[in-house]
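Dear colleague,

Please find below the structure that I am handing over to you. My notes on its charged side chains follow it.

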Amino acid sequence: MTMPKPPPCDACALRRVKCDTCNPCTWCLKHDQPCTYLRVRKRRGPKGPRPSTIVRVAEQRTLSPRMDESSLASVPVSSTVNTPATPSSGSGYTSRIPLAQYFTYLDMYQSKLYAIWPVVAAENLKARLCDETHIEPDVHALAAALSAATILQLRLLDAESDSISAAATSEAFVRECLRHRNTLTSSNTISTNLLLISLFLHMYYANTGQIHAATFALRDAITYVHLLRLDDEDTLDSLPVEEREVGIRIFWVLFVTERTFCSTHGIPILLQKISYLPDPTQEMNNGICSITGFCCLVRLFTLAESLLPSKTKAIERPQEKGELRLLYQDITSNSVTVGQGHEQGQGCTSLSMVTLQEVDIQTTRAWLQSLLWQRALSNFLLDSHAREAQFTPEFPLTLAKGLLGFLSRIPLESIRPHAYAMVHICPTSYYHKHPII
């Protein structure tokens, strides 16, 4: 049996040098130091739980006491083994956030955000949440993701902090969303609910400035689009009318979101546009609001596809002034007043919803016009004496003045739903980067 190595002397242990364990040792003799072996070595291995850990364990036992032997004996054996990991009918698998909190934010989405995200029927979602006989994790995850995105998109934490429960913050909804989504296995069927979960998680992460997480969630949603083949027109033709309309709307919401986010953060674009556009006559939300403004927004993005920045290595084709002039006219003529749809009885039950859509259109138009000016600048087409304002160096300031004048007449509740996107599309941002102009 190997004899344990004797401990070093106190001086060598303190200096962390090798000791020959003699008495006195060589190092102490050489340096004329007293050689002692008084230090008590600490016992190796675990030292036991910290006092704070003991307190937390005691608190946990108080909150969720363990079953004693008598209660355990009364439980059938079948209920203690092979417990399913995923929720099933009658399993008692419930949400950690009260349904009333979900309904509060789902109602806010329906009244304030459906005009810009017309992809979820809130009443139908609420009904499925209340169905205790058939609990669907993807439905709960979608409701939680949509609630979190609604809180951040509407800036409710800043505007209504006194009325929001601490237990139902956006972070709590995201944790609840991820908890429900993690119960889904790889064998679950790919569905639009999973796509929408990733899309609304992207909205949440983008509004909180978590760019990497937002990018991953956006790419996740785009992957679901490819798996569901929502970018394939033959697949869309094979779907029932209502299901096809839902797929088209989801595609274009994701298309607009990707174009805005990627052009802002310099990320390559993946989705390619399709010829099918949303149908404003299709009622999917019990006539709560017309999507005329959303359809107009989609047309703006399809027109301005050539203006969006490209990250490919190929050299961009120079654009002539006449081509940019026609594009400017198309952008201006397609940003019609959304209130016309309301006057024709097509939709919105609230004038504030019409105003929200007009803000969306006017702000997007200003952003695209600023991109057109940037393209004219890169092609050396600016002229201080040009007749068209969009070809003059001071056009961004004129554009910003007009946009701010429009927004100054709009109630704050119609501007807040645009959240972080409103900051990134300011038409003066590029002008400030080039003060020499």
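With which residue does Arg229 form a salt bridge? The partner is Asp232, and the closest N and O atoms of this pair are 3.7 Å apart. Please note that the model is a predicted one. Arg229 itself counts as partly exposed, because its relative accessibility is 44%.

This pair belongs to a wider topic. Side chains of opposite charge can pair when their charged atoms come close. A search of the whole structure finds nine salt bridges, and I describe some of them here.

In helix α6, which covers residues 122-129, Glu123 and Lys126 lie three residues apart, about one turn of the helix. These two residues form a salt bridge, with 3.5 Å between the closest N and O atoms. Glu123 has a relative accessibility of 35% and therefore counts as partly exposed. Lys126, by contrast, has a relative accessibility of 13%; the limit for a buried residue is under 20%, so Lys126 counts as buried. The pair does not stand alone: Asp107 is linked with Glu123 and Lys126 in a network of salt bridges.

A further salt bridge joins Arg259 to Glu258, where the closest N and O atoms are 3.0 Å apart. Are these two residues buried or exposed? Both Arg259 and Glu258 are buried.

When you open the model, you may wish to begin with Glu123 and Lys126 in helix α6 and then turn to Arg259 and its salt bridge with Glu258.

Yours sincerely

How values were computed. Residues numbered from 1 in each chain as written. Predicted model: local features only at pLDDT ≥ 70, side-chain atom pairs only at ≥ 80, totals over all residues. Heavy atoms only, no water. Salt bridge = Lys/Arg side-chain N within 4 Å of Asp/Glu carboxyl O. Helix = DSSP H or I, 4+ residues; strand = E, 2+ residues; numbered from the N terminus. Buried < 20%, exposed > 50% of the residue type's maximum accessible area, 1.4 Å probe, protein only.
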